[in-house]
Structures are given as C-alpha cells and as structure tokens.
Amino acid sequence: MIMFPTKITVLRRMLQSRHCSPLLGKARFSRLVLGIETSCDDTGAAVLDETGQILGESLHSQTEVHLRTGGIIPPVAQQLHRENIERVVQEALERSNVEPSQLSAVATTVKPGMALSLGIGLDFSRRLVRQHNKPFIPIHHMEAHALTVRMLHPVAFPFLVLLVSGGHSLLAVARGVDDFLLLGQSLDVAPGDALDKVARRLSLTKHPQCSTMSGGQAIELLAKDGDRMKFPLTTPMGKTHDCSFSFSGLRNQVTMMIMKKEAEEGIEEGTLLSCVNDIAAATQHTVATHLSKRTHRAILFCKANNLLLSSNPTLVVSGGVASNQYIRKTLSFIAEREGLSMLCPPAKFCTDNGVMIAWNGVERLREGIGILPPNVDVCYEPKAPLGVDMTEEVRAAGIRLPRVKIEISS
Ligand code: KG4
Ligand code: ZN
C-alpha cells in the first residue's frame with residue numbers, strides 16, 4: 001500500500017519547504033499531470049500544469065552507483081528504483097503543493113527501456129491511479145524526448161528530430177503528438193553507450209576531474225584539451241547512403257588504439273593513459289561527424305519529399321548525448337547550411353527526467369490521445385519502435401551528400 005501524506009502534513013511541509021510553489025493559495029484552473037520516469041537509471045517525477053509550467057520535480061540519478069559497478073546491472077537499477085520511487089514522487093508532489101486528488105492524470109513511461117526498471121514505474125503508477133481513481137497515460141520514452149522541446153518553444157509539427165542517448169540513436173519526423181516517421185536508427189549500439197564504454201576502457205572514473213561523470217560528459221570535458229588529429233579515426237558507414245547509424249565499429253577502433261598506446265607506454269589496462277585528452281577529442285569528433293552526416297542526409301530526404309514546414313523548417317536534437325556542446329555545434333553548422341533552425345532543450349531536459357514524461361502527458365491530455373481509465377491493464381514493452389518505419393525508402397533514395405567542410409569554433 002502506497003502511503004501519501006495527508007492534507008495537513010502536505011500543508012505543514014509546504015510551509016516549511018524551500019521549494020514552495022508560487023501558486024500556493026491561488027486558485028488553479030489548469031489541469032495537472034504527474035509524470036513518472038523509470039525506464040533506465042533515473043527515477044524521475046514532476047508535476048506540470050496544462051500550460052507546461054513545472055510546478056515541482058524530483059530526480060534520483062543512479063549514475064554514481066553504475067559507474068562504480070562498471071555499467072548498469074538491471075537488477076541493481078531495479079532495486080534502486082524500488083528504493084527511491086515513493087520518495088521521488090512524494091517530493092515532486094510536495095514541491096508542487098499538489099495532492100494526488102488534485103491531479104488530472106498520471107503519465108508514466110511504459111516503453112521502450114529496461115524491463116525491470118519499467119516495471120517499477122508502471123506498478124507504482126498502476127497502484128497510484130487506482131487508489132486515487134485517476135486516468136492513466138502510458139508514455140513512449142522516445143516520443144517524450146522528441147517533444148520536450150515544445151514545452152520550451154512553440155515548435156509546430158512537422159519537424160525533424162535527432163534523438164541520441166545511451167540507449168538510442170534515431171532520426172524521425174515528428175508530425176503530431178503520436179505521429180512519427182522513422183528515417184533511420186542505430187544498427188547496433190547507441191552513441192552514449194559507445195562513449196560510456198570508451199570512457200570505461202580509458203578508466204576515466206580514475207581521472208580527478210571525471211570521477212562522478214557519465215562517460216559522455218567525461219569525454220566532452222577531456223576533449224576540450226585534446227588534439228583530435230593525433231588519432232585519426234574512420235567515420236562509420238561511409239559507404240551506405242541512408243540514415244542508419246553504427247557505433248560499435250568506432251568503439252572497436254578506439255579500443256585497438258588504446259591497447260596500442262598502453263603497449264607503447266608500457267602500462268596495464270586500468271591505468272590512465274597520458275593521451276586521454278587526444279583520444280577523447282578524436283572519439284567525440286568522429287561521433288559528431290557520423291551524427292551530422294546522417295542528419296544531413298535526413299534533411300535532404302525531408303526536403304525532397306516535402307516532409308517539413310516550408311516556412312521555418314526545424315531540426316530538434318535531444319537525448320543525453322545532445323547535451324554535448326561540440327556535437328551541437330557540428331549539427332547546427334549543417335542545419336544552418338541547409339536553412340533549418342536548430343533547437344535543443346537545455347541539458348537538464350535532454351537527459352532522462354520526470355518533466356519530459358509529464359509534458360508528454362500534457363500534450364496527450366490536451367489532444368485527448370491515449371488516456372486510459374485507472375483500472376485498465378497496461379503492460380510495459382522493453383522494445384517499442386518509434387512511428388512508421390521509413391528506413392527502406394530512405395535507403396532506396398540513396399542520397400549522396402555534398403562535400404562539406406565543417407567549421408566550428410571550439
Ligand atoms: O537520455 P539519457 O539520460 O538516458 C538514456 O535514455 O540513455 O542519456 C544518457 C547518455 C549516457 O550514455 C551519457 O554518457 C550520455 O547520454 N551523455 C553525454 C553527455 N552527457 C550525457 N554524451 C556526450 N556528451 C555529454 N555531455
Ligand atoms: Zn532517454
């Protein structure tokens with residue numbers, strides 16, 4: 001049985017709390033949505049009103065634990081979600097000065113993601129909506145990443161979106177709240193996963209500046225002082241003219257390079273190499289180049305097929321890897337060259353959080369899409385494609401890219 005604080009306890013805590021909502025005491029006319037995220041290694045919750053205003057949020061990140069164990073171990077992630085979900089949801093509600101009875105709906109990530117992690121969020125939400133008799137809105141994690149930008153900017157459909165995280169790499173056209181065309185996705189691992197594994201192989205948690213950072217963050221930081229030209233890497237999939245991605249070959253290339261360097265320096269695996277900055281810079285540059293080439297082709301495909309708005313066509317970049325400034329600059333160079341505006345949510349909204357899930361719930365509530373009664377049985381889906389698969393059409397178009405020399409200021 002999930003125990004939620006009584007009205008009096010909530011009020012008392014509100015008055016003591018530094019996170020008190022400015023709306024305290026004022027009448028609220030807007031509908032309120034609680035969003036819950038547990039698809040991977042972040043336990044997140046947030047309450048948004050119908051206008052997209054964040055009333056309160058809470059996030060528990062497991063990054064530190066997984067860095068210690070050398071990667072995400074699903075049962076460990078599940079246990080951490082189990083230990084934190086009630087507190088995180090309570091915090092989000094308290095910071096919003098909202099009681100469960102005041103919610104219009106609960107929106108929760110049910111796909112795609114790690115089964116054991118998804119299950120914790122779904123079970124918790126199922127009990128919560130039944131206890132308080134609230135509508136339930138199941139959320140697709142990637143759709144939520146794709147639409148977060150609309151909470152911050154008035155971006156009209158259709159727009160092109162590149163989602164790059166630890167679990168995904170895909171290009172899609174967002175045509176509506178539940179209407180997506182998939183142009184391409186990773187054939188193997190996601191860029192964040194490749195960066196995390198390179199960082200682990202380089203033992204970057206032993207680096208004094210990076211001990212608590214995710215692999216991607218550590219690579220970005222170290223790359224600032226590195227020379228990417230010292231370790232030339234081959235950009236993946238140079239000979240395929242579609243929008244698919246591949247990062248496992250790049251990871252292997254970097255691993256070979258690290259092994260060669262370790263042999264040259266006479267050091268064991270697990271010791272920091274003297275050239276970590278240069279390796280980080282080369283890896284980051286190659287990821288950025290691969291992402292920008294595929295995105296460039298997606299832009300040309302969209303133009304050829306009139307898939308974007310003719311006035312102010314837009315590229316949205318989101319997901320954990322999109323918080324990387326070097327990658328952003330590389331992509332914005334391409335977007336600008338092709339006459340698209342590029343938008344990225346700020347870093348805190350690019351990584352997993354409850355806000356993006358609540359926002360997707362708000363968008364669905366506004367349009368009346370996918371809102372279920374409290375007692376309907378919903379299952380989680382670890383694998384769930386995004387939208388209509390157009391990858392074959394993109395491949396068949398075989399679009400060749402013009403030669404582009406990307407110039408970005410560091
Ligand atoms: O979206 P996210 O929080 O979770 C997933 O759904 O995967 O993304 C996490 C991923 C991790 O692989 C992490 O290394 C990567 O995003 N990441 C970055 C940066 N910050 C996080 N990659 C490159 N540069 C960054 N600054
Ligand atoms: Zn994510």
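**Exercise 1. State how many helices and strands the protein contains, and on what basis they are assigned.**

Solution. The protein has 14 helices and 11 strands. Helices (H or I, at least four residues) and strands (E, at least two) are DSSP runs, numbered from the N terminus. The model is a predicted one, in which local features need pLDDT of at least 70, side-chain atom pairs count only at pLDDT 80 or more, and totals for chains, interfaces and linings use all residues. Residues are numbered from 1 along each chain as its sequence is written, and side-chain values use heavy atoms, with hydrogens and water left out.

**Exercise 2. Determine whether the radius of gyration of the protein agrees or disagrees with that of a compact globule.**

Solution. Step one: the rule for a globule is 2.2 Å times the number of residues to the power 0.38, and the radius of gyration is taken over C-alpha atoms. Step two: for 410 residues the rule gives a value near 22 Å, and the protein has 22 Å, so the two agree. Step three: along the principal axes, the C-alpha atoms fill a box of roughly 65 × 50 × 35 Å.

**Exercise 3. Describe the surroundings of strand S4.**

Solution. Step one: S4 spans residues 105–111, and six of its seven residues are buried (under 20% relative accessible area, 1.4 Å probe, protein chains only). Strand S4 is therefore largely enclosed by the rest of the structure. Step two: two strands pair if DSSP finds at least two bridges between them. Strand S1 (residues 32–37) runs parallel to S4 and is joined to it by four bridges; here Ile36 stands opposite Thr108. Step three: five bridges connect S4 with strand S5 (residues 136–140), again in the parallel sense, and Val106 has Phe136 as its bridge partner. Step four: together with helix H4 (residues 115–132), S4 and S5 make a right-handed β-α-β unit, meaning that, with the strands pointing away from the viewer, the path from the first strand over the helix to the second runs clockwise.

**Exercise 4. Give the strand order of the six-stranded open sheet and identify its edge strands.**

Solution. Step one: the order is S10-S9-S6-S7-S8-S11, with mixed pairing. Step two: strands S10 (341–343) and S11 (388–389) are the edges, each pairing on one side only. Step three: S11 pairs with strand S8 (residues 179–185) in the parallel sense over two bridges, where Leu181 stands opposite Val388.

Terms used
Chains lettered and ligands numbered in written order. Buried < 20%, exposed > 50% of the residue type's maximum accessible area, 1.4 Å probe, protein only.
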